[in-house]
Amino acid sequence: MCPEVRESKPGACPSCGMALEPDVPVATTRTEYTCPMHPEIVRAEPGACPICGMALEPRTVTAAAEENSELRDMTRRFWVGVALTAPLLLIAMGGMFWPHAFMRALNGLPLSLPWMEFALSTPVVLWCGLPFFQRFWTSLVNRSPNMFTLIGLGTGVAYIYSVVATVAPQIFPQSLRGMGGYPDVYFEAAAAITTLVLLGQVMELRARSRTSAAIRALLDLSPKTARLVCTDGTEKDISLEQVKPNDHLRVRPGEKVPVDGVVLEGSSAVDESMITGESIPVEKSPSSQVIGATINTTGSFVMRAERVGAETLLARIVQLVGQAQRSRAPIQRLADRLAAWFVPTVVAVAAVTFIAWFLFGPQPRLAHALVNAVAVLIIACPCALGLATPMAIMVGTGRGAHAGVLIKNAEALETLEKVDTLVVDKTGTLTEGKPKLVSMTATQPDGELLRLAASLEKASEHPLASAIVKAATERGLTLSNPTEFMYALGKGIQGTVDGKRVAIGNASLMSEIGMSEIGAVNIPTSSADTGTSLIVAVDGKYAGTVTVSDPIKPSAPDAIRDLKRQGIHIVMLTGDSRATAAAIAQQLGLEQNDFEAEVLPERKSEVIRKLQQQGRVVAMAGDGINDAPALAQANVGIAMGTGTDVAMESAGITLVKGDLSGILRARKLSQATIRNIRQNLFFAFIYNAIGVPIAAGVLYPIFGLLLSPIFAAAAMSFSSVSVITNALRLRHVKL
C-alpha cells in the first residue's frame with residue numbers, strides 16, 4: 001500500500017499498518033564448484049577434480065572472504081605431519097650418523113628402530129596423505145594419470161616396502177639386512193614426501209585464494225546502503241538490495257554511488273578510477289550517467305536509479321572476470337597434450353630405473369632400485385605444469401579488471417598479443433558518438449537564434465536535433481512548444497514558434513519556402529572538417545546557420561599513433577561519406593587507403609574476412625549493434641563499454657571507459673600474461689629436465705651422487721611455488 005516505506009526488518013507499515021513484505025523475492029542460491037584447470041568439471045560440493053586431482057573452487061565469489069575448507073583441512077594435516085615427521089627424521093639421521101651410540105640409547109626402549117619409525121610414519125602417510133591416495137585412486141579409475149598418480153605410487157611403494165621389511169624381515173636375504181636384523185626402511189622418506197607435498201598444497205591453495213581477491217575487491221567496492229529520497233521529500237537510508245529502478249537517491253560528498261543511474265539535480269566530480277582506470281575525477285551534472293561503486297568527491301546530487309543488482313556495470317564486470325578466469329587459453333592445450341603422455345612416460349622411466357639398479361647397481365640392489373625409482377616418481381610430478389597457464393590467466397584477468405579492461409575469455413587474451421591489424425568503427429569508437437553543436441553564425445543575437453531553432457527541434461527525433469536542444473538547455477534558454485510542425489525527408493523541418501515561421505534544413509528546403517537571400521549570401525551546406533551545417537530561416541528570411549559535428553575523442557589520435565608504432569595496421573570503417581571519412585582520417589594520421597567510407601554493417605564483416613584471408617590476425621573495435629557481426633568475425637572483438645550490450649556480448653574484450661587507449665592497456669596485459677605463461681612452463685619443465693636424470697642416477701657412476709626422495713619432493717614443491725610466485729607478479733604489472 002505504501003511502497004515508499006521500506007524497513008530492514010519484518011514488521012508493520014507505520015502509515016497503513018499492513019504487514020511488510022519482502023522488497024525483493026527471496027531466492028536460494030546453490031554454490032557450484034569447478035576446477036581451475038578443467039572448467040568443464042562442475043560439482044555441487046567441494047572436492048577434487050577427477051581429471052587432475054586439484055581442489056575445486058566455488059564458481060561464484062562473494063564479497064565476504066569465505067573460509068576455504070580445503071585449505072583448512074590441508075593446513076591441519078600439514079602441521080600434524082610436521083609434528084610427527086620431525087622426530088622421525090631425527091631418528092633416521094641419528095641412526096645414520098651415530099649408529100652405535102644411537103643403538104645403545106635405544107636398547108632400553110620397548111620398540112626397535114623400524115617399529116618406532118613405523119609408529120610415527122603411519123599416521124602421516126595414511127591420515128595426512130589420505131587425500132593424495134584418494135586422488136591417486138580416482139586417477140586410476142578415470143584413467144586420467146596426473147601428479148597424484150606419481151605421488152601415490154612413490155609414497156605408497158616406499159611405505160609398503162618398509163612395512164613388509166619391518167613386519168617380515170626374514171623374507172629378505174641376509175645381504176639386505178643391517179644391524180638389528182632389519183633391511184633398510186624408508187618410512188622417513190614416505191612421511192617427509194607427504195609432508196612436503198602437503199606444504200606445496202597449502203601454498204598453492206593460499207595463492208589460488210589470492211587470485212579470487214581481484215573479484216572480491218571489485219565486489220567490495222559496492223556500498224552497503226543507499227539514501228532514498230521519498231516522494232514526500234524525506235530521506236532515509238536503506239540497504240542496497242532494497243533499491244529499485246527509478247528510485248531517487250541522494251549521493252553526498254565522500255559517499256559511493258550506490259547503483260548505475262543518471263543525475264537529476266546537483267553537480268559534482270566523481271572518481272571513476274576503480275571502474276574505468278581513469279585517475280582524473282569526471283564532472284557530473286544533470287543528465288550525466290553515473291556508475292555504481294564510484295566515489296562522489298565534492299558536491300551533492302540526486303540521481304535516478306536505472307540498473308540495480310546484477311544489471312549494474314560492476315556486477316557485469318564481476319561476471320566477466322569470473323568467466324574469464326575459468327576459461328582456457330589455446331596455449332594450455334600444449335600443456336594438456338604434454339601432461340597426457342608425461343605421467344605414463346615418467347612411470348616407464350621409474351620402471352626402467354628400478355630394473356637397471358636392481359640388475360646392475362651396487363648392493364643392496366633392491367634398496368637402491370626402490371629409492372631411485374621413488375625419487376623419479378616424486379620429482380617428475382607435473383603439478384607446476386598444470387598450474388602454469390590457469391594461474392597466469394586468473395591473475396592477469398583480475399589485473400585487467402582493475403585497469404578497465406574486461407577479458408571475456410582466455411583465448412581473446414592470448415590472441416590479442418598476435419594481432420597485427422586493428423579494424424576500427426568510427427562512430428562511438430573514434431568519435432564521441434553524440435553530435436554536438438560546434439559553431440553558429442547569426443544575423444541576430446545568437447541566443448535568440450538558438451532558442452528558436454531548439455524550440456522547433458524539440459519535435460524532431462533526428463540525432464542532430466538532440467544536439468541543438470542540448471546546447472540550448474546548457475545555456476539556460478527557455479524553449480517554446482512548436483506548432484504546425486512538418487518534416488521534409490532529406491531536406492529539414494519547419495513550424496511555428498512564438499508566432500514566427502521557422503525552418504531548419506538544407507538549401508533545397510530554403511528554396512522551397514522561397515527564402516529571398518538564398519542566392520545572395522554565402523551559406524555553407526556541409527563541411528567534412530566542421531560537420532553538418534543547417535540553415536535557419538525565420539519568416540522566410542535567412543537568420544543564420546548552426547553546425548553540428550560528432551567530435552573525435554581526445555585520446556584517439558595519440559592511441560592510433562601508439563598502436564601504429566607497435567606495428568599494427570589501422571583500418572577505419574564508417575558509414576559516412578568519403579569526404580567526411582577522409583577528413584577524420586587526416587586528423588587521425590591515417591593514409592588514404594587506411595579507411596573505407598559508406599560501409600554497411602554486413603560489409604564490415606566482409607572487410608575483416610578479406611584481411612583474414614590475407615593471413616592477418618585481426619582485432620575489431622566497435623560499440624554499436626551493427627558492429628556485433630564484425631566483432632564476432634574478428635580474431636579478437638573489442639567492445640566499448642559505453643556502447644550497446646549486444647556489442648559487449650559479441651566481443652572477447654570490453655574497454656569499460658570506451659577509450660581506444662584501453663586497447664594499448666589490453667595489449668600490454670596480453671603480452672605480459674603470455675610472457676608469464678611461457679616463463680611458468682619453463683619453470684615447470686626445467687626442474688623435470690634436470691631432476692629426473694639425477695633422480696634416475698646418471699651422476700652416480702661419475703660422482704657417486706644420488707638424489708634422495710626427500711630432496712626430490714622438495715624440488716617438486718619448489719617448482720610449484722616458483723610458478724605460483726611468478727604468476728602473482730602480474731598483479732603489479734604496469735598497464
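This report walks through a predicted model of one protein chain, from its overall make-up to helix pairs, salt bridges and a few single residues.

## The chain as a whole

Let us start with the broad picture. The secondary structure of the protein chain comes to 25 helices and 26 strands. The chain has 735 residues, and 51% of them count as buried. Its exposed area is about 33400 Å², with carbon and sulfur atoms supplying 58% of that. If you take the contacts between residues at least 6 apart in sequence, 65% of them join residues at least 24 apart.

## Two helix pairs

How do the axes of helix H11 and helix H23 cross? Helix H11 spans residues 365–379 and helix H23 spans residues 661–696; their axes come within 8 Å and cross at roughly 170°. Angles over 145 degrees count as roughly antiparallel, and H11 and H23 are therefore roughly antiparallel to each other. On the H11 side, the residues that meet the partner helix are Asn372, Ala375, Val376 and Ile379. Facing them in H23 are Asn688, Gly691, Val692, Ala695 and Ala696.

Another pair is made by helix H3 (residues 113–128) and helix H4 (residues 130–141), with axes that come within 5 Å and cross at roughly 45°. H3 and H4 are therefore oblique to each other. Here Val125, Leu126, Trp127 and Cys128 in H3 meet Leu130, Pro131 and Phe133 in H4.

## Salt bridges

Side chains of opposite charge can pair when their charged atoms come close. The structure holds 17 salt bridges, including the three in this table.

| Acidic residue | Basic residue | N to O distance |
|---|---|---|
| Glu235 | Arg227 | 2.9 Å |
| Asp425 | Lys604 | 2.9 Å |
| Asp498 | Arg451 | 2.8 Å |

Which elements does the bridge between Lys604 and Asp425 link? Lys604 and Asp425 meet through their side chains, and the pair links distant parts of the chain: Lys604 belongs to helix H20 and Asp425 to strand E14 (residues 421–425), 179 residues apart. Are these two partners buried or exposed? Lys604 is buried, at a relative accessible area of 3%, and Asp425 is buried too, at 6%.

The bridge between Asp498 and Arg451 has a closest N and O separation of 2.8 Å. This pair also links distant parts of the chain, 47 residues apart: Asp498 sits in the loop between strand E17 (492–497) and strand E18 (500–505), while Arg451 is in helix H15 (residues 446–457). Asp498 is partly exposed, with a relative accessible area of 46%, whereas Arg451 counts as buried at 16%. A further group is worth a look: salt bridges that share partners join Arg227, Glu235, Asp237 and Arg250 into one network. Within that network, Glu235 forms a salt bridge with Arg227, and Glu235 counts as partly exposed because its relative accessibility is 27%.

## Single residues to look up

Helix H20, home of Lys604, covers residues 601–613 and also holds Ser605. Ser605 is buried, with a relative accessible area of 8%. Leaving aside residues up to four places away in sequence, Ser605 touches Pro629, Ala630 and Gln633.

Ala714 has its place in helix H25 (residues 709–728) and is partly exposed, with a relative accessible area of 32%. Which residue's C-alpha atom is separated from that of Ala714 by 8.0 Å? The partner is Val197, 517 residues apart from Ala714 along the chain.

Leu313 is found in helix H9 (residues 313–325). At 12% relative accessibility, Leu313 counts as buried. The C-alpha atoms of Leu313 and Ala293 are separated by 9.4 Å, and these two residues are 20 apart along the chain.

## A nonpolar surface patch

Finally, have a look at the surface. Ile355, Phe358, Leu359 and Phe360 make a nonpolar surface patch of about 440 Å². One of these residues, Phe358, is found in helix H10 (residues 330–360). Phe358 is partly exposed, with a relative accessible area of 40%. Patches are made of residues with over 30% relative accessible area and no salt bridge, a cut-off to keep in mind when you look at the value for Phe358, 40%.

Conventions:
Residues numbered from 1 in each chain as written. Predicted model: local features only at pLDDT ≥ 70, side-chain atom pairs only at ≥ 80, totals over all residues. Heavy atoms only, no water. Patch = residues over 30% accessible without salt bridge, like charges linked within 9 Å, V, L, I, M, F, W, Y side chains within 5 Å. Areas by Shrake-Rupley, 256 points an atom, 1.4 Å probe, with all protein chains shown as cover. Salt bridge = Lys/Arg side-chain N within 4 Å of Asp/Glu carboxyl O. Helix = DSSP H or I, 4+ residues; strand = E, 2+ residues; numbered from the N terminus. Buried < 20%, exposed > 50% of the residue type's maximum accessible area, 1.4 Å probe, protein only. Axes fitted to C-alpha atoms, helices over the stretch in contact; angles between N-to-C directions. Parallel < 35°, antiparallel > 145°, perpendicular 65-115°, else oblique. Contact = heavy atoms within 4.5 Å.
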